[in-house]
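Grab a coffee and work through these exercises with the viewer open. Each one gives you a task and then walks through a solution.

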Amino acid sequence: MKHTREACLIADQQDPLAGFRQRFDLPANTIYLDGNSLGVLPKGALERSQQVITREWGHDLIRSWNTAGWFDMPTRLGDKLAPLLGADPGETVVTDTTSLNLFKALAAALRIQRQAHPERKVILSERDNFPTDLYMIQGMIEFLQQGYELRLIDEALPLEQALDDKVAVLLLSHVNYRTGYLYDMAAVTHSAHQCGALAIWDLAHAAGALQVDLNGADADFAVGCTYKYLNGGPGSPAFIWVAPRHQNAFWQPLSGWWGHAKPFEMATDYAPAQGIRRFLCGTQPIVSLALLECGLDVAREVDSQQLRAKSLALTDLFIELVEQRCGGHPLTLITPREHVRRGSHVSFRHPQGFAVMQALIANGVIGDYREPEVLRFGVTPLYLSHADIWDAVEILREILDSGSWDRPEFHRRGAVT
Ligand SMILES: *Cc1c(COP(=O)(O)O)cnc(C)c1O
């Protein structure tokens, strides 16, 4: 189909989610294609931050642990997030970082497996997984000193071959951070269980981008970020979900007082709380949690089928427009075309990807660059329109046609890419 800007404007008029754009404060003259890295500012967040800082902290001070419900925020927000994950109340807490929660989930899964299948010594992940997932596995192996090894799926070793009776735990990202590849969570979890392994899912690029169904997939553990598609704010706390069948089998390796059954008895001995609270460690960043709630409140109003339909429509549009309008340039799509295998971002390789992305950013189109050579565009259906996608691709086309990306300033690298 040949697209036009007029057709994009008509599609925007018919978009049932168009109204959600008004719920966010978006900078002018910017097309933000990086909501999969840092989400945007919900309109209510400024007022909420004033309330939590001025009244709850400034005036009510320590009383706010009780009067403003600070103490229960990790579980209360976990329950708010749960429907987006296909989870039930009492199964999720919002706390710590994704990396730390990976450590807890891995420790929990390995402990269960050591009791059931002590001979299983392989932790299976993917070479192309987000680095922190691999680093946390490596750290756990080093920490435990029990002969575990990391095995990685890649082109030479597909999942079906890699899953054998040595695998204790399978840790995968539901949506690949670089390519946008989406795993069939239910099928992969089923294969893992069939071979006796437990499945941990990293939902960093899935939560808030598409409906997840953890209980439907019979998953074991899941972790994920809230500062990406959930618009929780920079560094907002992550989440951890644990299937109820595993919750009380878990021994918290980071056994801080917030996971204690009775933290204010100040007992000498650690006794874990029942249920999901045992996944907490220490005092939580209340201001960040309060801001995250603003993002969650918007996300909870969205119809998940409409969200997915718009995400696929916009990513289809992006791919087709790049192919139609930037045809002569060396761009290679690395995101799956098949809808059931695609998350909510689109990535292309370009030999000068870094400089092309800097030129795009200088022209108001913010995406990001990922090694090697990857231009990554996050497509967030809540606040992007079809016309935004059209305009972004037009700017990309101008940059490529004119060669303006090759200016020296676009080749300089900062600390964060
Ligand atoms: C963004 C991301 C993370 C980030 O982890 P933090 O501990 O929050 O820095 C982890 N895993 C994946 C797959 C990610 O995309």
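**Exercise 1: The ligand**

In this predicted model, a polar side-chain atom of Tyr227 lies 2.8 Å from an oxygen atom of the ligand. Your task: find which residues come nearest to the ligand, and how much of its accessible area the protein covers.

*Solution.*

1. Start with cover: on its own the ligand has 390 Å² of accessible area, and the protein covers 86% of that.
2. Now look at the 13 residues around the ligand: Ser99, Asp202, His205, Tyr227 and Lys228 come nearest.
3. Check the polar atoms. In the side chain of Ser99, an N or O atom sits 2.6 Å from a ligand oxygen. For Asp202, a side-chain N or O atom is 2.8 Å from a nitrogen atom of the ligand.
4. Sort the shell by type, and you get four nonpolar, six polar and three charged residues.
5. Finally, ask where they come from: helix H5 (98–116) and helix H6 (131–144) each supply at least two residues of the shell.

**Exercise 2: Leu85**

Work out whether Leu85 is buried or exposed, and which residues it is in contact with beyond its neighbours in sequence.

*Solution.*

1. Locate Leu85 in helix H4 (residues 73–85).
2. The cut-off for buried is under 20% relative accessible area. Leu85 has 0% relative accessibility, so it counts as buried.
3. Skip the neighbours within four places in sequence, and the contacts of Leu85 are Thr92, Leu203, Ala207, Gln211, Val212, Asp213, Leu214 and Phe239.
4. For a long-range pair, try Leu85 and Gly208: they are 123 residues apart in sequence, yet their C-alpha atoms are 8.5 Å apart.

**Exercise 3: Helices H12 and H13**

Does the length of H13 agree or disagree with 1.5 Å a residue, and what packs against its buried residues?

*Solution.*

1. H13 runs over residues 386–402, which makes 17 residues and an expected span of 24 Å; the end C-alpha atoms are 25 Å apart, so the two agree.
2. Pick out buried residues of H13, among them Trp390, Val393, Leu396 and Leu400.
3. Against the buried residues of H13 pack helix H1 (5–13), strand E2 (31–32), helix H11 (304–325), helix H12 (353–362) and strand E13 (365–366).
4. Turn to H12, where seven of ten residues are buried, including Phe354, Met357 and Leu360. Their cover includes E13, strand E14 (368–370), strand E15 (374–378) and H13.
5. Check what follows each helix: Gly364 comes after H12 with a positive phi near 85°, and Gly403, just after H13, has a positive phi of about 70°.

Terms used:
Residues are numbered from 1 along each chain as its sequence is written. This is a predicted model: local features need pLDDT of at least 70, side-chain atom pairs count only at pLDDT 80 or more; totals for chains, interfaces and linings use all residues. Side-chain values use heavy atoms; hydrogens and water are left out. Helices (H or I, at least four residues) and strands (E, at least two) are DSSP runs, numbered from the N terminus. The expected span of a helix is 1.5 Å times one less than its number of residues. Buried means under 20% relative accessible area, exposed over 50%, partly exposed in between (1.4 Å probe, protein chains only). Contact means heavy atoms within 4.5 Å. A residue is near a molecule or strand if one of its heavy atoms lies within 4 Å of it. A polar contact is a pair of N or O atoms within 3.5 Å; within protein, one must be able to donate a hydrogen and the other to accept it, and residues adjacent in sequence count only if both atoms are side-chain atoms. Accessible areas come from the Shrake-Rupley method with a 1.4 Å probe; for residues, only the protein chains shown count as cover. Ala, Val, Leu, Ile, Met, Phe, Trp, Tyr, Cys and Pro count as nonpolar, Asp, Glu, Lys and Arg as charged, and the others, Gly among them, as polar.
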